[in-house]
Amino acid sequence: PSSSVTLTFTPSTTTSTLFPITGYQAYCNGSSIDISESTSINLLDNAPITRSLTVSGYDPVSVSSPITVSMDITHSDPSDLVITLTSPQGTTLTLWNKGAASGENLVGTFPSTLTPVDSLSAIASEAKDGTWILRVEDADVGPLVREGVLNSWGLKFSERVTATSVRSPITIDGLQIGRDYSCTVATTSKLGTTPVSEAVTVA
């Protein structure tokens, strides 16, 4: 079941004509996941490996939750690598397909510092609880042996429910009953959505 909360706040009293306040945006952060695995598993030529991480207690949520995937692979030639991620709902996305890295090793986060082949937004609205499967293959072709090590990988996503208004109060719908949320309000102007209020916990 879902419910709503109403946040009452003191509106801004600024009289700025250059950056007038045009409205307010409220954020409520709920369930979050930040899990990883340190593996130190050797990546041998043409010998795929699979690893898994299990998420529990995240669902249910009523909003899509963008996902990031951290990756730390030691390898002299990342263009040999093929990496896929399969969600608990059975959706398989290609993260890396013999792409060109900035140098040796493949270290970073999809999609912020590393660009995935398939967009991670495809699974943003899927249920997150269950087993996530990472598959890494050193698909080497040629006389040179370039093997590596999967040092670690991880998943991160969080539930954020938002609402906007031109005045106080702001009502935020779609919160899960029985879950605590950390909520803030920010002003909106040509400067962006800032400053942000101190957070309050809503049970």
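The lining of the largest pocket comprises, by class, 9 nonpolar, 6 polar and 1 charged residues, as judged from a model that is predicted. This pocket holds about 230 Å³ of space, and among its 16 lining residues Phe9, Thr10, Val185, Ala186 and Ser197 are the closest to its centre. Two strands, strand 11 (181–189) and strand 12 (192–196), each supply at least two residues of the lining, and the greatest contribution to the lining comes from strand 11, with 5 residues.

Confidence in the prediction was examined for the chain and for its elements. The protein chain has an average pLDDT of 93, and 97% of the residues score at least 70. Among the elements of the chain, the lowest mean pLDDT, 90, belongs to strand 1 (residues 2–7), whereas the highest, 98, belongs to strand 3 (residues 49–55).

Strand 3 also takes part in an open sheet of 4 strands, in which the order is 3-8-5-6 and the pairing is antiparallel. The edges of this sheet are occupied by strand 3 and strand 6 (92–97), each of which has a single partner strand, so that one side of each is left without a neighbour in the sheet. On average, and with direction ignored, neighbouring strands of this sheet are turned by 20 degrees against each other. Strand 3 runs antiparallel to strand 8 (residues 130–138), to which it is joined by 7 bridges; within this part of the model, Leu53 stands opposite Trp132 of strand 8.

Further antiparallel pairing involves strand 9 (residues 148–165). Strand 2 (residues 23–43) is joined to strand 9 by 16 bridges, the two running antiparallel, and Tyr24 has Ser165 in strand 9 as its bridge partner. Strand 4 (67–74) likewise pairs with strand 9 in the antiparallel sense, over 8 bridges, and here the bridge partner of Thr74 is Val149 in strand 9.

Contacts between aromatic rings were considered next, and the count comes to 3 aromatic pairs. One of these is formed by Tyr58 and Phe157, whose arrangement is edge-to-face, with a distance of 5.0 Å centre to centre and an angle of 90 degrees between the planes. This pair links distant parts of the chain, for Tyr58 lies in the loop between strand 3 and strand 4, while Phe157 belongs to strand 9, and the two are 99 residues apart.

Conventions
Residues are numbered from 1 along each chain as its sequence is written. This is a predicted model: local features need pLDDT of at least 70, side-chain atom pairs count only at pLDDT 80 or more; totals for chains, interfaces and linings use all residues. Side-chain values use heavy atoms; hydrogens and water are left out. On a 1 Å grid over the protein atoms alone, a cavity is a set of points where a 1.4 Å probe fits but cannot get out, and a pocket is an open set with protein on both sides within 12 Å along at least five of seven lines; lining residues have an atom within 4 Å of a point. Grid points are joined across faces, edges and corners, and a volume is the space filled by probe spheres set on the points. Ala, Val, Leu, Ile, Met, Phe, Trp, Tyr, Cys and Pro count as nonpolar, Asp, Glu, Lys and Arg as charged, and the others, Gly among them, as polar. pLDDT is the predictor's confidence in each residue, from 0 to 100. Two strands pair if DSSP finds at least two bridges between them. Axes are lines fitted to C-alpha atoms, for helices over the stretch in contact, and angles run from 0 to 180 degrees between N-to-C directions. Rings of Phe, Tyr and Trp (its six-membered ring) pair if their centres lie within 6.5 Å; planes under 30 degrees apart count as stacked, over 60 as edge-to-face and the rest as tilted.
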